[in-house]
Amino acid sequence: MGRLKAAARPVLLLAWKDLLLELRSKETVTTVPVFALLVLVIFNFALDLSAARAADLAPGVLWVAFAFAGVLALNRAFFAEKERGSLEGLLMLPVSRDTIYFGKLLGGLAFMLAVEAVLVPVFAVMLNIRILSWELALTVALATVGFATLATLFSALLVHTRSREALLPLLFFPVVAPVVIGAVQATTSAVQGAGAGRWLAFLALYDAIFLIICPWLFGHLLEE
Amino acid sequence: MERTGPSRAPWRASSGTATGARGWMWREGLLVLTGLMVLADLYLVFMWVPTDATLGIVQRIFYFHVPLAWVAFLAFFLVFLGSVIHLVRGSRRWDRLAQSAAEVGVLFTTLVLVTGAIWARPVWGVWWTWDPRLTTTLILWFIYAGYLMVRAYSPSPAQGARYAAALGIVGFVDVPIVYFSVQWWRAIHPAPVVGPASEPGSLAPAMLITLVFSLVTFTLFFVVLLKERLALKATEEALGEARELARRSTTDTRSSR
């Protein structure tokens with residue numbers, strides 16, 4: 001128990017550092033929700049989001065908005081460190097690579113979940129869908145873990161490359177396509193009250209696979 | 001044509017590219033054999049094999065489409081294998097294999113998509129449908145095109161190799177998940193109306209022979225392309241190192257003056 005606590009402490013500290021920086025600078029906390037709402041507005045022009053059809057279209061609109069907004073927020077994990085010139089310092093910390101990875105993951109995850117806690121009710125009001133089900137809450141949580149797990153790895157992967165801001169979504173979206181499918185299907189089932197069990201299990205399985213692979217790859221990425 | 005380099009260059013010893021007359025014979029022999037096989041394959045596909053009774057002449061594209069898809073999957077498996085070994089052991093040889101296989105794989109996947117669309121138009125009535133196999137192939141194309149881009153945009157070849165290897169592993173693990181998720185998704189939604197022969201259950205013997213011959217031919221063709229690309233890559237790296245050496249020696253002389 002004591003060892004677990006000792007391992008968790010630096011992870012929590014790293015995550016807290018990122019959240020504190022965000023709270024002070026308010027860089028992404030303002031842009032991400034506004035961007036997500038903007039996606040909703042653009043969908044309103046592209047699709048007929050009237051109340052009658054909203055229940056069919058809402059899950060897709062919701063997750064496209066979250067995926068676009070999420071990639072905007074989550075790719076900051078290492079890009080921001082590089083811009084501040086603090087990447088070398090971070091990598092020289094006397095902690096394991098796993099600690100850095102999970103610290104970054106936890107920070108991004110906490111940020112995204114906080115933003116989504118505000119956005120889901122707003123979307124529910126604007127799209128006329130029923131919320132407040134544990135299934136929807138679980139869908140949001142599992143899908144966000146899937147997004148963040150891969151986005152954290154890809155942020156590290158691209159931190160030194162040219163035109164990284166453009167390259168990240170290009171690499172990220174094909175790989176997280178199953179999360180988008182799973183989240184949309186689970187949300188559809190949850191909104192219609194049809195039982196989202198098997199899609200939730202699918203999302204959980206996806207999360208488990210990449211929670212094992214991504215930290216392992218991360219350990220091999222940033223060696224200098 | 002002889003490939004001899006300075007013996008102190010480490011990549012030479014381990015690169016496995018042809019050295020000397022025997023290697024040269026092997027390489028040219030493979031090239032000639034593949035060329036003859038391609039000619040024979042074209043004869044089988046366009047002259048020898050009977051036309052399909054229900055699908056008509058367009059069915060012949062199947063003898064290119066299926067082997068191309070098989071080779072693309074083989075290539076992406078090699079990318080995965082090379083990526084894992086490169087990340088674990090830091091071996092440049094395996095990284096070269098992964099990169100060369102990825103380039104050929106992306107090319108062949110493009111051809112799979114194009115030949116598939118040409119076939120689908122007369123048979124299904126559409127160029128494209130979001131069937132699990134088609135969707136997965138398209139996503140595969142995106143992942144490995146990204147793999148090549150990461151390399152191209154990386155600051156140094158060594159870093160690019162590591163980043164690409166990570167992507168090669170994530171992508172390969174992801175492909176079956178993409179396939180199952182799309183299949184599940186389509187199983188819930190009404191299935192798109194697909195033409196008669198999406199899955200030819202039993203093949204006539206002549207068709208089977210042509211298909212198997214085509215598979216062997218394309219696999220050999222893949223080996224030839226891969227070998228050529230590997231040799232080119234080894235030469236590129238040798239040239240890069242030589243340039244670096246030359247640049248360093250000129251700066252050394254300048255600074256000593």
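Let me begin with a small enclosed space in this predicted model, the largest cavity, whose lining residues divide into three nonpolar, no polar and three charged. The residues that line this largest cavity are R27(B), L30(B), L31(B), V224(B), K227(B) and E228(B), and if you look for the helices behind them, you will find that α2 (20-48) and α7 (205-256) of chain B each supply at least two residues of the lining. About 40 Å³ of space lies in this largest cavity, and when cavities of 30 Å³ or more are counted, the count comes to one. As a word of background, rolling a probe the size of a water molecule over the atoms shows where empty space is left.

From there I would like to turn to an open space, the second largest pocket, which has a volume of about 770 Å³. Of the 31 residues that line this pocket, the closest to its centre are V180(A), I181(A), V184(A), Q185(A) and W185(B), and I would ask you to mind the chain letters here, as Q185(A) and W185(B) are both in that list. Which elements give two or more residues to this lining? They are α3 (51-74) and α8 (164-192) of chain A, together with α5 (132-153) and α6 (157-188) of chain B, and the element that gives the most is α8(A), with 10 residues. By class, the lining of the second largest pocket has 23 nonpolar, seven polar and one charged residues.

Since α8 belongs to chain A, let us now consider that chain as a whole. Chain A has nine helices and zero strands, so that, by the DSSP assignment used here, its elements run α-α-α-α-α-α-α-α-α from the N terminus on. Its C-alpha atoms fill a box of roughly 55 × 40 × 30 Å, taken along the principal axes. How does the radius of gyration of chain A agree with that of a compact globule? With 224 residues, a compact globule would have a radius near 17 Å, and chain A has 18 Å, which agrees. Of these 224 residues, 53% count as buried, and among contacts in chain A between residues at least 6 apart in sequence, 80% join residues at least 24 apart. On the outside, chain A exposes about 10000 Å², of which carbon and sulfur atoms supply 71%.

Within chain A, I would also point you to helix α4, residues 76-84, where R76(A), A77(A), F78(A), F79(A), A80(A) and E81(A) are buried, and just after this helix G85(A) takes a positive phi of about 75°.

That brings me to backbone angles, where it helps to know that most residues other than glycine have a negative phi, and most peptide bonds are trans. K26(A) has a positive phi of about 50° although it is not a glycine, and K26(A) lies in the loop between α1 (2-25) and α2 (27-46) of chain A. S163(A), likewise not a glycine, has a positive phi of about 40° and is found in the loop between α7 (134-158) and α8 of chain A. Are these two residues buried, exposed or partly exposed? K26(A) is partly exposed, with a relative accessible area of 47%, and S163(A) is also partly exposed, with a value of 43%; both count as partly exposed because that class lies between the cut-offs of 20% and 50%.

Notes:
Residues numbered from 1 in each chain as written. Chains lettered and ligands numbered in written order. Predicted model: local features only at pLDDT ≥ 70, side-chain atom pairs only at ≥ 80, totals over all residues. Heavy atoms only, no water. 1 Å grid on protein atoms, 1.4 Å probe; cavity = no way out; pocket = protein on both sides within 12 Å on 5 of 7 lines; lining within 4 Å. Points joined across faces, edges and corners; volume = space filled by probe spheres on them. Helix = DSSP H or I, 4+ residues; strand = E, 2+ residues; numbered from the N terminus. Nonpolar A, V, L, I, M, F, W, Y, C, P; charged D, E, K, R; others polar. Rg over C-alpha atoms; globule rule 2.2 N^0.38 Å. Buried < 20%, exposed > 50% of the residue type's maximum accessible area, 1.4 Å probe, protein only. Contact = heavy atoms within 4.5 Å. Areas by Shrake-Rupley, 256 points an atom, 1.4 Å probe, with all protein chains shown as cover.
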